[in-house]
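Reader: Could you pick one part of this protein and take me through it slowly, residue by residue where it helps? I'd like to be able to follow along on the screen.

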Amino acid sequence: MKTTSIEQFYQEINASIPKEIAREIGHFNVFSFEELAAKLKDKPIMPYNKRTYYKISLITGKNTAEYADKVIEIDESALVFATPKDPYHWIPKDEHQKGYFCVFKLRPFV
């Protein structure tokens with residue numbers, strides 16, 4: 001199974017990787033679902049894989065969230081938390097996707 005890094009995430013959404021990302025204690029950024037969907041309308045937005053970062057999403061619209069052991073159908077709105085340990089796939093079911101999500105990565109303390 002593929003694992004996606006935070007840098008690969010930025011490449012997949014055609015966004016500039018912040019220059020400070022390698023020097024930061026951690027990383028945090030917020031994105032709009034509407035802006036991302038318009039930008040990537042011909043690409044799958046959330047392939048099924050693991051990630052090296054955390055993600056919190058607040059989304060409105062019909063969607064399906066597929067995890068390794070369950071499928072969750074979302075009819076209106078949802079607050080979704082994703083960790084690097086859980087592979088998942090997000091499937092939009094209509095064109096009326098609204099909301100925001102943040103991605104963040106914590107650097108381990110040494």
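Author: Sure, and let's settle one term before anything else: two strands count as paired if DSSP finds at least two bridges between them. Also keep in mind that what you're looking at is a predicted model.

First, a quick bit of orientation. The protein chain has 110 residues, and 36% of them count as buried. Its secondary structure adds up to two helices and nine strands. Starting at the N terminus, you go through β-α-β-α-β-β-β-β-β-β-β.

The part I'd zoom in on is an open sheet of four strands, in the order β2-β9-β4-β7, with antiparallel pairing. At its edges you'll find β2 (26-32) and β7 (77-82); each has a single partner strand, so one side of each goes without a neighbour in the sheet. If you ignore direction, neighbouring strands here are turned by 10° against each other on average.

Now let's go across, beginning with β2. Seven bridges tie β2 to β9, and the two run antiparallel. Find F28, which sits in β2, and look across to β9: F104 stands opposite F28 there. F28 is exposed, because its relative accessible area is 53%, and over 50% is what exposed requires. F28 also belongs to a nonpolar patch on the surface, together with V30 and Y100, and the three have about 340 Å² of accessible area together.

Move to H27, which is also part of strand β2. H27 has a relative accessibility of 8%, so H27 counts as buried; the cut-off for that is under 20%. The side chain of H27 makes a polar contact of 2.6 Å with the side chain of Y10.

Next up is the pairing of β4 and β9. Residues 54-60 make up β4 and residues 98-106 make up β9; they run antiparallel, with seven bridges between them. You can follow the register along β4: S57 stands opposite F101 in β9, L58 faces Y100, and T60 has K98 as its bridge partner. Y100 may ring a bell, being one of the residues in that nonpolar patch with F28 and V30.

Look at β4 from the side and you can sort its residues by face. K55, S57 and I59 make up the covered face, while Y54, I56, L58 and T60 make up the uncovered one.

On to the next neighbour of β4, which is β7. These two run antiparallel as well, joined by six bridges. I56 of β4 has F81 in β7 as its bridge partner. A78 is also in strand β7, and its relative accessibility of 16% is why A78 counts as buried. Between A78 and T60 there are 6.6 Å in space, C-alpha to C-alpha, though they are 18 residues apart in sequence.

Last, have a look around the start of β9. Q97 sits in the loop between β8 (88-92) and β9. Q97 counts as buried, because its relative accessibility is 10%. A polar atom of the Q97 side chain lies 3.2 Å from the backbone oxygen of K62. Then there's G99, whose C-alpha is 5.5 Å in space from that of F33, even though the two are 66 residues apart in sequence. F33 is part of helix α2 (residues 33-39), and with 10% relative accessibility, F33 counts as buried.

If you want one route for your own tour, start at F28 and cross to F104 in β9, slide along to Y100 and hop over to L58 in β4, then go from I56 to F81 in β7. That path takes you through the strand order β2-β9-β4-β7.

Note on methods:
Residues are numbered from 1 along each chain as its sequence is written. This is a predicted model: local features need pLDDT of at least 70, side-chain atom pairs count only at pLDDT 80 or more; totals for chains, interfaces and linings use all residues. Side-chain values use heavy atoms; hydrogens and water are left out. Axes are lines fitted to C-alpha atoms, for helices over the stretch in contact, and angles run from 0 to 180 degrees between N-to-C directions. Patches are made of residues with over 30% relative accessible area and no salt bridge: like charges are joined within 9 Å, nonpolar side chains (Val, Leu, Ile, Met, Phe, Trp, Tyr) within 5 Å. Accessible areas come from the Shrake-Rupley method with a 1.4 Å probe; for residues, only the protein chains shown count as cover. A salt bridge is a side-chain nitrogen of Lys or Arg within 4 Å of a carboxyl oxygen of Asp or Glu. Buried means under 20% relative accessible area, exposed over 50%, partly exposed in between (1.4 Å probe, protein chains only). A polar contact is a pair of N or O atoms within 3.5 Å; within protein, one must be able to donate a hydrogen and the other to accept it, and residues adjacent in sequence count only if both atoms are side-chain atoms.
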